[in-house]
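Open the model in your viewer, and let's walk through it one selection at a time.

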Amino acid sequence: MSTQSPQSDGCHTSKEHGHGDGCHAAAPLSREQAAALNRVPADYTGQIWTCPMHPDVREIANTGCPLCGMGLEPERATLEQDTSELDDMMRRFLISLVFAVPLLILAMGHMVSGFPLAGRIPPGWNGWIQLALASPVVLWAAKPFFQRGWMSVRSGNLNMFTLIALGVGVAFAYSLVATLVPGVFPAAFRGETGQVDLYFESAAVIVTLVLLGQVLELRARQATSGAIRALLRLAPATAHRIEADGTETEVALDQLHAGDRLRVRPGDRIPVDGEVESGESHVDESMFTGEPLPVVRRAGDRLIGGTVNQQGGLILRAHRVGGDTLLSQIVNMVAQAQRSRAPIQRLADRVSAWFVPGVIAISLASFATWLLIGPEPRLSFALVNAVAVLIIACPCALGLATPISITVGTGTGATAGILIRDAEALETLEKVDTVLVDKTGTLTRGQADLSLIDPAEGWRADALLALAAAVEAGSEHPVAAALVRGAESRGLALSPVHDFSAITGEGVQGRVGDRDVVIGNARMMARIGVDPAGMDARARTHREQGQTVMYAAIDGKLAGLLGIADAIKDTTPRALAALQAEGLRVVMLTGDNDATAQAVARQLGITEVHADVSPAEKHRILSAAQAAGHCVAMAGDGVNDAPALAQADVGIAMGTGTDVAIESAGITLVGGDLLDIVRARRLSRATMRNIRQNLIFGFGYNALGVPIAAGVLYPAFGLLLNPMIAAAAMSLSSVSVITNALRLRRLRL
């Protein structure tokens, strides 16, 4: 839990420098300090653990960060997931809940009319029962908070844990003294029963609420690592290696070496990066390139590990294996981006930077003043007033201020199809000034559909399409599927096909009734002796509009053109217009070819386009925008977008996209509608405004009460703030925070 430095706009500082600025702009570590935090032996080859806030911390076990106390995360991505910290926090939360609920009922129940236990518990027993219930919560369940609070004091990085440890410790210690030796308190601080007021329930409830927040935060952190595991699962577990004697052996990927010959069967994933030695097939590389159509791969062509071989068999010569493959590099980029992301930037921490030392100073000053010049019994008055100062500053409402708004806000977003993975994404979205968008599947539908029927003279469109679709029905190629869907949507009947054949990378042919039908590219036309020159100009015009164009020949004569395209989503133009109207800069990033990208950009009014970009180039372009001072959101749907989605200040995934993209993003749009980005920004602004209001409620009562608790009104009016009133102020601020947060449920997106 950290804050941005004063120079930061609260958006991308942590990613630019590889880590957050620590707690409250701690000074950069010297080379000697950084070296002291790296406790990994030079010859160590196992898993290394590092702190997401302090990357210089490197340990061989998850022992916690020596600077801030946070749990460590693994440097190297693996399919296994360490849930020990989450399991521990969940166990502490559940046990705290078991003790805190009856404690709260026992302590506060007498305020409720008709409370069944009213008057039945002797006053002398009440404190001991509360002590018994609070002790397991404070002495065991809250132990990590006291450890982290102590570490924050030792390192000079005061943070949320400082407040929690201080508030819980003081409330418990005060109540413990009041239970064990109540005689040290003056009569003015005793209730109607003659007993000193206790605050065991405040200590226990604070611990329980903070533990719940930790559980939710840890779950969010572990969910982000799902992107890494999804990427790792893209690579097959084994490969079929062809040995020197021609036999085939199934081996694990870590046993492969550059130069190995591998057999890739139809339907298999390519195991490593390499080059086709023999064979020909269509390979689906859309997860990396963004191209919606499979590409032909022949001898001499490169292959990418993790892509899918669709039809023919291939012999692959391995070039890059292990951590050198493109897939491994993407995994490393996603992991690095996730590690560099600072924890959720809670506004409460910004205030606590001055609030905590200020409260401590006032408490000590109050104690010293009463001890030196106060009325008798000086020690009792000094202790009570010092404790009152700390109790009224106890961060009960502070612990609720951000989580309750985030919880209600994310729930409101979920009902509108906007899934928020963590509070950091929701907080940052309102600051975004640049939106990078993928083309395929984000601006467009991500599926090739029939877009063009341009018949030659003497042919009708429906007749041409019916013959073409009849032949293409025998092919499994996505182009064929688009033509068949187009014919079916027009209600055209498809006749049986005879003598069907397909030539990889060129087209298909067959006989429909008494007609010879050929559909393909210019090479296919040349193969059958048909000159396509008569329609070349029209074909070129259609291609400039972003369409994939095929020639159709019937009975040896050119009969027309057929085209398919990835259609723009219906809501995309309105969404982009709304984003641009809010002053956002919109940039298209796509692995598709430049002609198609420019055609789509012209239709949508996008002036900045980067085409033919790899996943690494998308990551680089995004990082450059961040380095230039922009707060960047990335919207995408494919595996090729994962590194950029993870590196972006806010990653936005289409719910219709791949699991890897969704796991890498902070926000998922269930319907895949870019208009939801506008709605999500509206939700972000409303939620952050609500959080700021909550912080005013959370600190307002306490801040106003601190000087009163210190005794500034006593000389003139003889008034002191009884700790019971301090506790009431805490309760009132908590009620105000919760009530205010619930208003988000009425937000219209």
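Start with S281: at 1% relative accessibility, this serine counts as buried, since the cut-off for buried is under 20%. Keep in mind throughout that you are looking at a predicted model. S281 belongs to strand β8, which covers residues 281-284.

Now show the side chains around S281. Its side chain makes a polar contact of 2.5 Å with the side chain of N309. A polar atom of the S281 side chain also lies 2.9 Å from the backbone nitrogen of G312. To see the wider surroundings, select the contacts of S281 beyond four places in sequence: V295, V296, R297, N309, Q310, Q311, G312 and L314.

**Next stop: a hairpin**

Select strand β4, residues 238-242. Four of its five residues are buried, so β4 is largely enclosed by the rest of the structure. Which strands pair with β4? One is β5 (residues 248-252), antiparallel to β4 and joined to it over five bridges. Within this pair, A239 has V251 of β5 as its bridge partner. Follow the chain from β4 to β5 through the five residues between the strands, and pause at G246, which takes a positive phi near 90°. Then add β6 (residues 261-264), which is also antiparallel to β4 and connected to it by three bridges. Here I242 stands opposite R261.

**A helix with two faces**

Move to helix α5, residues 143-155. Measure from end to end if you like: at 1.5 Å a residue its 13 residues should span 18 Å, and the end C-alpha atoms are 18 Å apart, which agrees. Colour the buried residues of α5, which are P144, F145, R148, G149 and S152. Look down the axis of α5, and these buried residues fall within an arc of 135°, so they line one face of the helix. On the face turned away from that buried side, find the exposed residues W150 and R154. Just past the end of α5, G156 takes a positive phi of about 75°.

**A buried valine**

Which helix holds V389? Select α12, residues 378-392, and you will find V389 there. Its relative accessible area is 0%, so V389 is buried. Draw a distance to V359: the two C-alpha atoms are separated by 7.2 Å, although the residues are 30 apart along the chain. Leaving aside neighbours within four places in sequence, the contacts of V389 are V359, I362, S363, S366, V706, A709 and A710.

**Last stop: a six-stranded sheet**

Show the open sheet whose six strands run in the order β15-β20-β19-β18-β17-β16, with antiparallel pairing. Its edge strands are β15 (444-455) and β16 (497-503), each of which pairs on one side only. Direction ignored, neighbouring strands in this sheet are turned by 20° against each other on average.

Zoom in on β17 (residues 507-512) and β18 (residues 515-520), an antiparallel pair joined by six bridges. There, V508 stands opposite I519 of β18. Now bring in helix α16 (residues 461-472), which packs on the sheet and touches β15, β16, β17, β18, β19 and β20. The direction of α16 makes about 105° with that of β17. Finish with helix α19 (residues 536-544), also packed on the sheet, where it touches β15, β19 and β20. Between the directions of α19 and β19 the angle is about 150°.

Note on methods. Residues numbered from 1 in each chain as written. Predicted model: local features only at pLDDT ≥ 70, side-chain atom pairs only at ≥ 80, totals over all residues. Heavy atoms only, no water. Buried < 20%, exposed > 50% of the residue type's maximum accessible area, 1.4 Å probe, protein only. Polar contact = N/O pair within 3.5 Å; in protein donor to acceptor, adjacent residues only side chain to side chain. Contact = heavy atoms within 4.5 Å. Expected span 1.5 Å × (residues − 1). Arc of directions from axis to C-beta. Pairing = 2+ DSSP bridges. Axes fitted to C-alpha atoms, helices over the stretch in contact; angles between N-to-C directions.
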